[in-house]
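Welcome, and thanks for taking a look at this one with me. Here are some notes to read alongside the model.

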Amino acid sequence: MPPTPSWLEIAVFYEIYPQTFFDSNGDGIGDLAGILQKLEYLQYLGVNAIWLNPCFASPFQDAGYDVSNYYQVAPRYGTNADLEKLFAEAHRLGMHIFLDLVPGHTSVENAWFKESCRPQPNEYSDWYIWTDSVWTWSAPGVQTVIGYAQRNANYITNFFHFQPALNYGFAVLDPKHPWQQPVDAPGPRAVRKELRNIMKFWLDRGADGFRVDMAGSLVKHDADGKATAAVWQEIRRWLDRDYPQAALVSEWSRPTVAIPAGFHMDFMLPFARNGYNSLFRLFDPDDHTNTSFFHPNGGGDIRFFLDEYLVNFRSTREQGLIAIPSGNHDTTPRLGNERTPADLQLAFLFLLTMPGVPFLYYGDEIGMRSADGLESKEGAYDRTGARTPMQWDDSANAGFSTAPAEALYLPVEAKPRHRTVAAQRDDPESLLNHVRKLIELRKEHPALGASGSFKPVHAEKNAYPFVYTRTGGGETVLVALNPAKSPCGVTLPGTLSKKPPQTLYGTENVFQRQGRKWLLKLPGVSGGLYLLS
Ligand code: NOJ
Ligand code: CA
């Protein structure tokens, strides 16, 4: 069943961290006018949707995930008019844009919070979660900030101390803490109404949807996520009615909860030593060797990912989509670290042929690497290295900005070498051109669309290769992946394909007929996409 809205079927998203994408006015910080200028590049790359990290007014203690005014673009990025212009131009080029919605907390600088801090009861008193007195220092399962306000109470934070949690109520009320409010109290109701106002404001100005920050964090003491899901279900019913072409992707990483909650898509994220991590970012705890499946060391285990993925995929298939990102602004190291362009081609072959919706993190398409040892910027801490400026060419600051190097938001990679757009654009064998080719194939072949079916053909514990098929629109394609440096082979049922599979991408002549079976032999670090018949 194709997803709703229909544009998701062939969507390929590109995440833009606005402060480091392209600086149009030479102040050292990327901006909306800069993104507008680079839409041509995104079109050339072939992506057709953008997720913009927060671009709203903020003191930037957490890079904009601390919003002080949801209705205003941060001046360092431009104006509301600039954002509307970006929507319009993107739409003209057939692209969609998601904003980043932070529903769970605001900045302490938000006017609502400032009002809420006042000792005199007012409209905003219950918009945040406050204990009954400043002497109620702690509460189970939540974090309090002590003695911040003039009001005789402590607030609950959602993330960092300057990100007070908006009040969506408690799913289970603890009689020992009578200050906890039920989800239908006036405060939580007003907050839910405001959330919708914010979404409506930007949808009416051209946004196509939202990436939703900490989507599962809204209602407190909600272990199974059901009360938080109810908030989103209500939003989804409203979207389906009033904005049927809008979509939401959640930062939840629990598709079996997030998709029934109403999200069109949920991300798989490295929140623990989990399946997603095991693809690209698993390290031996003792000697730090890379034990990811996508690494030439060949020490990975695809089952670690697949067993978890299949549970999620099978139970959400009819309702929503899983989004597997190449990385994001929270993940280090970047995909490009410790990998050659040939290694990266295989990672992208996987990312761009899986069901659901792929998300590419800016710069991953040219193999950008995260830097170590940078001082924390705007609350990024060890995430800082993954947020350095996009590398456009070999001019000063890798073409990101005309500002003096010391005025840049973050330094550019010291020696980008071939890891720039300019160096790769004209080289048909570059990573950039491989990624472009794979995106093109994804759009051309309905089997590779978001809702095409997925079947593992060969996926053994601690072994290579990983082989799967995708079927849709009357065709079946097979993906074979051997990221390990040692060659590998496997016999597959002869019924898979009558004729020798046709190579659509990657290593040729890998299939040999052997009696009733196909023998698939892959050299080290190789793989491809094949049409079965
Ligand atoms: C998740 C965002 O991706 C991260 O960058 C941010 O720090 C936290 N949520 C808090 O909003
Ligand atoms: Ca700028």
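The points below go through the domains, the ligand, the pockets and the cavities.

1. A word on what you are looking at: this is a predicted model. Please keep that in mind while reading the distances and volumes below.

2. Let us begin with the domains. The assignment splits the protein chain into three stretches of interest: domain 1 (6-103 + 188-271 + 302-444), domain 2 (105-165) and domain 3 (453-531). As the ranges show, domain 1 is written in several segments. Between the C-alpha centres of domain 2 and domain 3 there is a distance of 56 Å.

3. Now to the ligand. Which residues are around ligand 1? They are D62, Y65, H105, F159, R211, D213, M214, E251, H329, D330, R383 and R387. Sorted by class, this shell holds 7 charged residues, together with 3 nonpolar and 2 polar ones.

4. Three side chains in that shell deserve a look up close. D213 places a polar side-chain atom 2.8 Å from a nitrogen atom of ligand 1. H329 has an N or O atom in its side chain at 2.8 Å from an oxygen atom of the ligand. For R383, a polar side-chain atom is found 3.0 Å from an oxygen atom of ligand 1. As for cover, the protein takes up 98% of the 300 Å² of accessible area that ligand 1 has on its own.

5. Where does ligand 1 sit? Its place is the largest pocket, which offers about 460 Å³ of space. Of the 25 residues lining this pocket, E251, F271, D330, T331 and R383 lie nearest its centre. E251, D330 and R383 also appear among the residues around ligand 1.

6. The lining of the largest pocket is mixed in class, with 9 nonpolar, 7 polar and 9 charged residues. Domain 1 (6-103 + 188-271 + 302-444) and domain 2 (105-165) each supply at least three residues to this lining. When you turn the model, try colouring those two domains separately to follow the pocket wall.

7. The second largest pocket has about 230 Å³ of space. Its lining counts 20 residues, and T332, P333, S370, A371 and D372 are the closest to its centre. By class, that lining is made up of 7 nonpolar, 7 polar and 6 charged residues.

8. Finally, the enclosed spaces. How many cavities of 30 Å³ or more turn up in a search of the whole structure? The search finds 3. The largest cavity has a volume of about 110 Å³. It is lined by 14 residues, and those nearest its centre are F313, R317, G320, L321 and A450.

Methods. Residues are numbered from 1 along each chain as its sequence is written. Chains are lettered from A and ligands numbered from 1 in the order in which they are written. This is a predicted model: local features need pLDDT of at least 70, side-chain atom pairs count only at pLDDT 80 or more; totals for chains, interfaces and linings use all residues. Side-chain values use heavy atoms; hydrogens and water are left out. Domain bounds come from an automatic or database domain assignment. A residue is near a molecule or strand if one of its heavy atoms lies within 4 Å of it. A polar contact is a pair of N or O atoms within 3.5 Å; within protein, one must be able to donate a hydrogen and the other to accept it, and residues adjacent in sequence count only if both atoms are side-chain atoms. Accessible areas come from the Shrake-Rupley method with a 1.4 Å probe; for residues, only the protein chains shown count as cover. On a 1 Å grid over the protein atoms alone, a cavity is a set of points where a 1.4 Å probe fits but cannot get out, and a pocket is an open set with protein on both sides within 12 Å along at least five of seven lines; lining residues have an atom within 4 Å of a point. A molecule sits in a cavity or pocket if more than half of its atoms lie within 2 Å of its grid points. Ala, Val, Leu, Ile, Met, Phe, Trp, Tyr, Cys and Pro count as nonpolar, Asp, Glu, Lys and Arg as charged, and the others, Gly among them, as polar. Grid points are joined across faces, edges and corners, and a volume is the space filled by probe spheres set on the points.
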